[in-house]
Amino acid sequence: MKELIIVRHAKSSWKDSSLDDRERPLNKRGERDAPAMGARLARRKWQPDLIVSSPAVRALETARIMAKKLAYPRKDIVLKDRLYGAGIVELLEVIRESDDSVETLMLFGHNPGLTELANHLGPRPIPNLPTCCVLHLGFDTDTWSTVGYARGDEVLFDYPKS
């Protein structure tokens, strides 16, 4: 069984218009929501084997905050540049390239790609993944290379306002 935890970055700030999109940090709501969602996951005793994140500041900040709550070493977060602005093809490539020793993969990224991925992989339509949402899917497979050829089972769909 392979488990995929998809996380959309927490709410980001548009305050400084001079910043490149990749450099936008979390806003106050994002700084509040990310640790709260991380704590919810920690209460479920979830432990990812690997966290992979977009290098965009808002995604990486979200990943670092949640990693801390999950007692995952922040230094072990893997950055994948192609997750920034990734569509479903790039997202599936990142997932399918994962080492099969990884049982639980946690992926931090952006919309609209993550919503497309959720709808491709999940058992039900989700119109939009809200900021800082968590979608946990389970796949009856021993290898990441087959993920996406059949839909996964939804373990959890949670977000700050739920």
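The paragraphs below go through the strands, the core, one helix, the largest pocket and a few unusual backbone angles of this predicted model.

A good place to start is strand 1, which covers residues 2-8. Six of its seven residues are buried, so strand 1 is largely enclosed by the rest of the structure. Strand 1 has two pairing partners described here. With strand 4 it runs parallel, and six bridges join the two; within this pairing, Leu4 has Leu105 of strand 4 as its bridge partner. With strand 5 the pairing is antiparallel, again over six bridges, and Ile5 stands opposite His136 of strand 5.

Strand 4 also pairs with strand 2. These two run parallel and are joined by four bridges, with Val52 standing opposite Leu107 of strand 4. Strand 2 in turn pairs with strand 3, residues 78-79, in the parallel sense over two bridges. Here Val52 appears once more, with Val78 of strand 3 as its bridge partner.

In a regular strand the side chains alternate between the two faces of the sheet. Strand 2 shows this pattern: Leu50 and Val52 point one way, Ile51 and Ser53 point the other way, and all four are buried.

The next topic is the nonpolar core. The largest one has 46 residues. Those with the most contacts inside this core are Leu4, Met66, Ile95, Met106, Leu107, Leu117 and Leu121. Among the elements that give two or more residues to the core are strands 1, 2, 4 and 5, together with helix 1 (28-43), helix 2 (57-69), helix 3 (88-96) and helix 4 (113-121). Met106 can serve as an example of how the core is knit. Leaving aside its neighbours within four places in sequence, Met106 is in contact with Ile5 and Val7, with Leu50, Ile51 and Val52, and also with Leu41, Pro48, Met66 and Leu70.

Which residues of helix 4 are buried? They are Gly113, Leu114, Thr115, Leu117, Ala118 and Leu121. An α-helix has 3.6 residues a turn, so residues three or four places apart point the same way. The buried residues of helix 4 are covered by elements that include strand 1, helix 3, strand 4 and strand 5.

The loop between strand 4 and helix 4 holds Pro112. A cis peptide bond joins Asn111 to Pro112, with omega at about 5°. Asn111 also belongs to the lining of the largest pocket, where it is among the residues closest to the centre, along with Arg8, His9, Arg58 and His110. The lining has 18 residues, of which four are nonpolar, eight polar and six charged. The space in this pocket is about 180 Å³.

Two further residues stand out by their backbone angles. Most residues other than glycine have a negative phi, and most peptide bonds are trans. Lys45, in the loop between helix 1 and strand 2, has a positive phi near 65°. Cys132, in the loop between helix 4 and strand 5, likewise has a positive phi, near 65°. Are these two residues buried or exposed? Lys45 has a relative accessible area of 72% and is exposed, whereas Cys132 is buried, with a relative accessible area of 0%.

Technical notes: Residues are numbered from 1 along each chain as its sequence is written. This is a predicted model: local features need pLDDT of at least 70, side-chain atom pairs count only at pLDDT 80 or more; totals for chains, interfaces and linings use all residues. Side-chain values use heavy atoms; hydrogens and water are left out. A nonpolar core is a set of buried Ala, Val, Leu, Ile, Met, Phe, Trp, Tyr and Cys residues joined through side-chain atoms within 4.5 Å. Buried means under 20% relative accessible area, exposed over 50%, partly exposed in between (1.4 Å probe, protein chains only). Contact means heavy atoms within 4.5 Å. On a 1 Å grid over the protein atoms alone, a cavity is a set of points where a 1.4 Å probe fits but cannot get out, and a pocket is an open set with protein on both sides within 12 Å along at least five of seven lines; lining residues have an atom within 4 Å of a point. Grid points are joined across faces, edges and corners, and a volume is the space filled by probe spheres set on the points. Ala, Val, Leu, Ile, Met, Phe, Trp, Tyr, Cys and Pro count as nonpolar, Asp, Glu, Lys and Arg as charged, and the others, Gly among them, as polar. Two strands pair if DSSP finds at least two bridges between them.
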